[in-house]
Amino acid sequence: MKSDFVDELYFSAAFPLPFRVLCLVGLGILGWATNLHGLSLWRVDAAGTLELSVTTPDGYRLTSPLPTDRRQGSWKHGQYVAGVHRPVYRVFVAYAAWTLLCWLVYRYATRGDVSLVDSFKFIPAIATLCVLTALVCPFNVLYKHERDRFIHAVHRCLFPSPHRVYFSDVVFADVFTSFAKVLGDVWLSACMLLPGGSLLAQPAQEGLARWILPTLMSIPYAVRFRQCLVEYNAPSNESRRPLFNALKYASSFPVIYLSAAQRIVVSDVVALEGEAAASRPWHGEHQLFRLWLLAAAFNSLYSFWWDVTNDWGLELLRPRHTSPPSGHAPPPRPLLLPRLHSRSALLKHAADDSLDGHPDDAANLDAYHKVDRRPHPYGLRSVLLFPLPVYPFAILVDLVLRLTWSAKLSSHLHSYSEGDLIIFWIELAEVVRRWMWVFLRVEWEAVKEAELREPRSPHPHSSDGRIAMDRRDSLREGIPEQDDFEMVSSDISARVSEAG
């Protein structure tokens with residue numbers, strides 16, 4: 001036990017918490033770049049599904065009134081998103097180079113001597129301060145376009161529109177939930193770097209200060225909870241699914257705050273059994289501990305079920321009576337679509353006959369509206385864009401890592417100094433799980449979008465027939481005059497993005 005404590009002490013000295021936070025943030029950037037790159041390699045329309053519109057060099061956003069070209073396999077794209085991942089890779093390279101340089105300087109200065117760690121803690125402080133300064137820098141340097149997109153995404157998540165939630169913001173906020181513990185580590189790192197703090201010991205959390213850490217960790221779940229309520233209250237929503245999704249995020253709050261209340265458990269146990277009982281992580285005889293355990297189990301299992309059934313669209317855990325029917329899509333109905341304003345192809349095939357004036361002609365629509373209902377492996381779905389082994393592997397990994405959810409959200413488990421290395425690996429595993437989750441989440445959204453043939457949002461157009469330019473990602477202008485539209489049959493039904 002003493003040897004383990006020494007190993008953990010040297011780990012904290014060689015790789016202190018501020019550098020671990022910077023490392024996990026860098027892995028998040030790399031994960032997002034590889035998500036976009038991987039989806040591009042598999043020709044999944046990530047840019048169209050995530051609404052990553054083309055932007056001009058001066059910051060204007062070009063919004064296309066129709067989905068990207070889906071003629072070559074309706075959920076795939078042509079050249080629309082080519083290179084969208086490259087700027088993110090460049091951001092990661094610059095970020096990683098700076099972080100690695102600062103860590104090497106820190107290692108050279110301390111030379112592995114534990115007694116010198118706190119003398120040179122200004123090095124991780126400078127590294128973090130420079131990253132934050134670069135993030136908010138107003139000058140057109142250091143990938144300003146990517147930095148602005150990130151800041152705008154954070155703003156939209158914290159202050160969402162009361163009428164609509166974009167799918168890209170849903171994915172971003174879900175990724176944010178995987179960094180809930182990292183957000184708490186930012187607070188702990190700040191306490192360590194301030195005068196009087198130490199990189200080798202957890203800062204004391206007494207009185208009201210003990211609730212700061214769980215409150216910070218709950219912010220990502222509060223963001224997603226509010227997004228679900230916005231989706232549920234949207235005028236076009238007719239489903240209770242956003243409400244059930246909100247329950248998933250609400251179930252995280254008892255885990256977080258009951259964990260913070262475990263100090264009461266420890267004090268009660270110490271009063272009964274002595275100081276030796278304080279080092280035990282298991283106190284099953286106490287009611288608060290059992291409540292925390294129950295909340296953690298419910299949150300983990302419910303989140304796993306939601307991942308598999310709703311976020312990935314797999315049928316493994318879906319009740320039989322709720323499985324989608326094996327027929328065709330709902331009958332089409334007329335929809336106004338913009339004409340001659342899109343840089344991408346229309347929904348109609350080039351070889352299709354004109355459908356103008358025939359909104360009820362289901363025979364002409366069948367060629368490109370029919371949903372693929374071929375037999376598929378048990379527990380999966382009919383349309384699989386990735387290799388078959390990916391799906392059972394993802395289900396298994398998601399189950400295992402979801403069961404570590406309680407450790408990630410439970411701040412009282414992090415108070416044991418000998419658990420730094422284990423907690424870091426759990427945080428790293430959660431980042432990997434979310435990276436895997438994004439692939440299947442975007443894939444399922446693209447498949448649903450192809451089946452419904454639905455543009456992700458009403459896009460604005462200028463009156464002279466050109467594509468509208470908007471400086472803001474989340475705002476949309478008014479609909480133009482009706483003369484700019486033609487009647488085309490489609491099976492599009494109004495809906496909002498399902499939460500992740």
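Trainee: How many Å² does the chain expose, and what share do carbon and sulfur atoms supply?
Mentor: About 24800 Å², with carbon and sulfur atoms supplying 66% of it. Those accessible areas are Shrake-Rupley values with a 1.4 Å probe, and for residues only the protein chains shown count as cover. Keep in mind this is a predicted model: local features need pLDDT of at least 70, side-chain atom pairs count only at pLDDT 80 or more, and totals for chains, interfaces and linings use all residues. Numbering runs from 1 along each chain as its sequence is written, and side-chain values use heavy atoms, leaving out hydrogens and water.

Trainee: OK, what about the largest nonpolar core, how many residues?
Mentor: It has 31, and Leu-39, Leu-50, Trp-312, Leu-314 and Val-442 have the most contacts inside it. A nonpolar core is a set of buried Ala, Val, Leu, Ile, Met, Phe, Trp, Tyr and Cys residues joined through side-chain atoms within 4.5 Å; buried means under 20% relative accessible area, with a 1.4 Å probe and protein chains only.

Trainee: Which residues does Val-442 touch?
Mentor: Leu-39, Ala-46, Thr-49, Leu-50 and Phe-167, not counting residues up to four places away in sequence. Contact here is heavy atoms within 4.5 Å.

Trainee: Switching topic, how many helices and strands are there?
Mentor: 17 helices and five strands. They're DSSP runs numbered from the N terminus: helices are H or I, at least four residues, and strands are E, at least two.

Trainee: And what happens just after α2?
Mentor: Arg-43 takes a positive phi of about 55° there.

Trainee: Last one, what percentage of the chain is buried?
Mentor: Buried residues make up 46% of the 500.

How values were computed
Buried means under 20% relative accessible area, exposed over 50%, partly exposed in between (1.4 Å probe, protein chains only).
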